[in-house]
Amino acid sequence: MAEIAESPSTTEHPLGTVGASRSKASSSALRESDVDPKTMRTTTPGLKRLFLTFSVLLSFLLGFPFLWKTVEIYRSPLPFGDMDALSKQIESSPLQFPCHFQSVFLNFDSRSSGGILDPRELRSSILSEMTKLTSQTLERQCGSCGENFTLSVVVDSGDRACRQSDERHGNGLTPNCSYKCGALGALNLGDGEAVDEALRSALDESCSDYGGKLYTVVVVNGDGAGEGPKALVGKHRHGWISGRELDAEAMIGRMAEMFVKIFMNGGREDGAIHGEFMPVGADGRVVLSFSLLNANPDDWFYDWDFQKLDDTLLNPVIEALKPIANISVESQVLYHTPKSSFSYWDESLGSYIFSTKDLPFFVNSNEWHLDTSVAAGGRTKILQFVVYVPSANECPLSLQLPSGEISKTNGFISPMWGGVMVWNPQSCIKYSGSGPPARLLMHPDDLHRIFEVLMGQLRQLFGLKSDSIYVGAAGAYKLLPSEKGFTEWQEHKVTYCLLLFCRELDVLSRQHTCFNLHSSGTTLGSLSRLVQSLPRMIIKDEIGKQVKFSLEAAQLAQTNASVGLYEASAASSRQARSLAEDAFFHPSIMSVSYFSFEHCFAVYSPFFLPVSLHVLLAALREWRRYKQEKAKYVRWKVKQVKAA
């Protein structure tokens, strides 16, 4: 590009044109002879080249923010501080629930062992024993009461003469939960069901406003003929110890063990729920899929009236477990479903036998099309309950235990999958093998017996034991069973109690609350670290709302747990876990591959870097040239001034 220089201006003078021309010519000849073109110049350098070069550079600089804006990733603001704080809080401070215990000594004289039976001393002794037990296993265990419990002691010696510990009304209980002196009266301790109902009427109903979270153990003196003390645990939130000429001091250890081991921990040695044995889906939903399998319909094929079973027996179960999980039920009848394992005939037992070592091969995944649920989706958990009707060639079919005995339930469970029960119809004994197969409907009695077994399997899948006796360090405790195989709960307004004991539901609510809060805290903490480590990850507003609501639900669950609202805390914690999982596994996060800034720079630099470098170098070179030419002109001007 040719350089354009500014020419000096001349002014004509009408009288001195000739003289000025001569003077200019001589001065110009003088300047041209003295000017070195390498170091000086007589004209000012032009700005056109500099302007054009910097215009191109400026267009690049102005276009870069626009380009950066067009490729910007939208990120909804997340409360990273609250997410990390929740995760650290749950890890460092396990959730402890408040528990309230009450000891009642019935029919004890005012004087015992040569001294006055003081409720305050009894309370101090029981608290000491309970503290020892909790410090061994449950002190810092999440979901337990730990040391966050209260105790009141009442000595009822009859004739409405009661002595109570002073701490009774200062432990957070409402006055309605106070033991009414003489409320129990004469108990017929020979009938466990009658005692259980009497204790329920005298103790539990008065605490309905409080929520029923008061656990009571009654020690009854004067029952039995020289027998040792008998300890029973009812179907509700109470138990009793009876015997003749009992020593109140000797019963302290048994009462403490009943409070801690049975009411606190539900009879389980390890109170925590492990994630791999959590029977509830990440979204808080469970589908109970019941399947009736006819191995060979050419022999017979059975059907069942499952709708009646669902209405009468399953719906109350679903209502009872509603705080813990959102449960739905479905059923199906399948045909041509042989098992994978083999059985053999045992003449002594009169039955075809399959042993426990064959259980891993019993379920025929190729022929049993069980996973056909339309209600389950995403992270919903499906629990399969299979009733297997064997063919005539292997009927009756029995499960032999390792001890050599035949299983009474004739079924087994698979953790996190479900349970299987083999049902042998009566027709297999007199099957003749001739004639067309008959379509048969299960008798209601058979259906109820099957349901009892399946509900026992459901209890085991939820981590509950079906044993009728609990053996502890201080003695054995009989757990009062139900006549129907599943316990009947108390009914308060719309609360239906089936399948589980009240104390068992309390334990489940506490443990599931702890598990859900721990899971939601871990998930939100992982999401926080993931989002902060990937600056270009897309975070939609929906994810931000899910995180916000999850934190609110977790806070509500902790608040409800602190005041002893077990069911409410379980429901809130389930919602917190579900929302946290939804946020972490949101489709917008999983559908895009995210790369670091270095990777993006490496991808786009071959397109923009060469041109950008050339423009930048051209601008620097032009600026340097302009400064050099400007210096030449200044040097000439200085010399001209000196010459003048």
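**Helix H9 and the aromatic pairs**

In this predicted model, helix H9 is largely enclosed by the rest of the structure, because 25 of its 32 residues are buried. The helix runs over residues 502-533, and at 1.5 Å a residue these 32 residues should span 46 Å, which agrees with the 46 Å that separates its end C-alpha atoms.

From this helix we can turn to the aromatic side chains, for which the count comes to 21 aromatic pairs. One of them is formed by Phe 97 and Tyr 566, whose rings meet edge-to-face, with 5.6 Å centre to centre and 85 degrees between the planes. This pair links distant parts of the chain, since Phe 97 sits in the loop between helix H3 (80-92) and strand E1 (99-106), while Tyr 566 belongs to helix H11 (residues 566-584), 469 residues apart. With the cut-off for a buried residue set at under 20% relative accessible area, Phe 97 counts as buried because its relative accessibility is 0%, and Tyr 566, at 0% relative accessibility, counts as buried as well.

Another aromatic pair is made by Phe 101 and Phe 259, and here the arrangement is tilted, with 4.7 Å centre to centre and 45 degrees between the planes. This pair, too, links distant parts of the chain, with Phe 101 in strand E1 and Phe 259 in helix H6 (residues 252-264), 158 residues apart. Both Phe 101 and Phe 259 are buried, and the two residues belong to one aromatic cluster that Phe 149, Tyr 215 and Phe 263 form together with them.

Conventions
Residues are numbered from 1 along each chain as its sequence is written. This is a predicted model: local features need pLDDT of at least 70, side-chain atom pairs count only at pLDDT 80 or more; totals for chains, interfaces and linings use all residues. Side-chain values use heavy atoms; hydrogens and water are left out. Helices (H or I, at least four residues) and strands (E, at least two) are DSSP runs, numbered from the N terminus. The expected span of a helix is 1.5 Å times one less than its number of residues. Buried means under 20% relative accessible area, exposed over 50%, partly exposed in between (1.4 Å probe, protein chains only). Rings of Phe, Tyr and Trp (its six-membered ring) pair if their centres lie within 6.5 Å; planes under 30 degrees apart count as stacked, over 60 as edge-to-face and the rest as tilted.
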